[in-house]
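The following paragraphs lead through one structure, from its open spaces to its ring contacts and one of its sheets. Please keep the sequence and the three-dimensional view at hand while reading.

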Amino acid sequence: MSADKAFTFLPLGAIIQEFKVAGINIVQGFPTAELYKSYNAPYFGETIGRIANRTANGKFDLNDKTYQLPVNNGPNSLHGGDLGWGKREFEGPTDVDRNGKPATFFKYISKDGEEGYPGTVEVRVWYVQEKLEEDGVQKEVLHIEYEAELVDDTPATAVNITNHSYFNLTGSPSISGTEVTLITNKYQVVDDGGIPTGPIEEYPGVTPNTAFTLGEKEPDIDDCFVANTEPSSVPIDTRTEPLQTVASFYHPESKIHLEVATTEPAFQFYTGKYIDVPAVENLPARGARSGFCVEPSRYVNAINVPEHRSMTILKKGEKYGSKIVYRGWKA
């Protein structure tokens, strides 16, 4: 891990290993790739694909076929299967120029049939780090850009990529006391297995653009909030869509702020109920609510919903794309 850089990354899963703000690493992780391989059941920092979140019954229909994925979350498939992209070794890091700015680049070739998915896909990840000064405050900014492309002759596949960092703004064992502001209270109503049942409703107790505070156990949230409620308007490549700040966080103890912006139509907000990581390598055990996630993405299970599936179907000759921006500062 670096002592002077705000961000560090690993080839394993193109993982975000560190995000330092005012000397505090605000993401959960481990000091070595080997520890991630052994203990990262929560997906700390991983690049999630080929399909992030849950796929109902671990299957979908495409190319006049039914594709069976690993069933690893109740009756469903979660985060790309048993060995999704977050568990794979990416090529990199490579220092490149991205739109005139220095970037850290990772690439991975996901072969046809990997975890049951059709088509060979090349996935590309760019991390652009910035230090901005606004109103006398230095802000650490990470721009994430995802791109995926079919590189064989398969007509189409399904893609939904996100980053799965867990944030903790104090470095303490709990996220209790974190003040949360979400751009929307619209969310996908789900069944007991986390699969949307159809309606998009207002989340109880959440008011758009109004802060609420996380307690020791409540609110317990693991739901997909919808920033764009018009699914037919979501392209396979959202990078030309406007970036909007979908979630903001502040902790009065550390005075650290975090903003998450994205071009994506939705985001999973998860308050970490199921984190269960033992103490390893001088790191304390990490349990429930030791971190929270904001996972910008397409709608959950979109590939199995006729009105939603176009946002996740990547056809030969097209590119999947998305952007996420993290901004952290102390003030």
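**Pockets, a cavity, ring contacts and a sheet**

In this model, which is predicted, the second largest pocket holds about 310 Å³ of space. Its lining comprises 17 residues, of which Y43, R54, L78, Y166 and Y270 are the closest to the centre. By class, this lining divides into 8 nonpolar, 5 polar and 4 charged residues.

The largest pocket has a volume of about 360 Å³. It is lined by 19 residues, and those closest to its centre are Q28, G171, L283, P284 and R286. Here the lining consists of 9 nonpolar, 8 polar and 2 charged residues. One of the central residues of this pocket, R286, also takes part in a contact with an aromatic ring: its charged end sits over the ring of F30, at 4.8 Å from the ring centre.

Enclosed space can be considered next. Rolling a probe the size of a water molecule over the atoms shows where empty space is left. The structure holds 1 cavity of 30 Å³ or more, and the largest cavity contains about 40 Å³ of space. The residues that line the largest cavity are I51, A52, N160, Y299, V300, N301, A302, I303 and T312. Of these, 6 are nonpolar and 3 polar, with no charged residue in the lining.

The aromatic side chains form a further theme. A pair of aromatic rings is described by the distance of the centres and the angle of the planes. The structure holds 23 aromatic pairs. One of them joins F106 and Y127: the ring centres are 6.1 Å apart and the planes stand at 75°, so the pair is edge-to-face. This pair links distant parts of the chain, with F106 in strand 10 (residues 101-110) and Y127 in strand 11 (residues 121-134), 21 residues apart. Are these two rings buried or exposed? F106 has a relative accessible area of 0% and is therefore buried; Y127, also at 0% relative accessibility, counts as buried as well.

A second edge-to-face pair is formed by F167 and Y326, with 5.1 Å from centre to centre and 80° between the planes. Because F167 lies in strand 15 (residues 166-167) and Y326 in strand 26 (residues 320-330), the pair ties together parts that are 159 residues apart in sequence. Both F167 and Y326 are buried. The two residues also belong to a cluster in which ring pairs link F7, F19, F167, F249, F269, F292 and Y326.

Besides the contact between R286 and F30, a charge sits over a ring at another site. There, the charged end of R98 sits over the ring of W126, 3.8 Å from its centre.

The path ends at a sheet. Strands of a sheet pair through backbone hydrogen bonds, either parallel or antiparallel. An open sheet of 3 strands has the order 1-2-3, and its pairing is antiparallel. Strand 1 (7-10) and strand 3 (24-25) are the edge strands, each pairing on one side only. Strand 2 (residues 15-21) runs antiparallel to strand 3, and 2 bridges join them. One bridge can be located by residue: V21 has I24, in strand 3, as its bridge partner. This sheet also carries members of the ring cluster, which includes F7 and F19: strand 1 covers residues 7-10, and strand 2 covers residues 15-21.

Terms used
Residues are numbered from 1 along each chain as its sequence is written. This is a predicted model: local features need pLDDT of at least 70, side-chain atom pairs count only at pLDDT 80 or more; totals for chains, interfaces and linings use all residues. Side-chain values use heavy atoms; hydrogens and water are left out. Two strands pair if DSSP finds at least two bridges between them. Helices (H or I, at least four residues) and strands (E, at least two) are DSSP runs, numbered from the N terminus. On a 1 Å grid over the protein atoms alone, a cavity is a set of points where a 1.4 Å probe fits but cannot get out, and a pocket is an open set with protein on both sides within 12 Å along at least five of seven lines; lining residues have an atom within 4 Å of a point. Grid points are joined across faces, edges and corners, and a volume is the space filled by probe spheres set on the points. Ala, Val, Leu, Ile, Met, Phe, Trp, Tyr, Cys and Pro count as nonpolar, Asp, Glu, Lys and Arg as charged, and the others, Gly among them, as polar. Rings of Phe, Tyr and Trp (its six-membered ring) pair if their centres lie within 6.5 Å; planes under 30 degrees apart count as stacked, over 60 as edge-to-face and the rest as tilted. Buried means under 20% relative accessible area, exposed over 50%, partly exposed in between (1.4 Å probe, protein chains only). A charge sits over a ring if NZ of Lys or CZ of Arg is within 6 Å of the ring centre and within 35 degrees of the ring normal.
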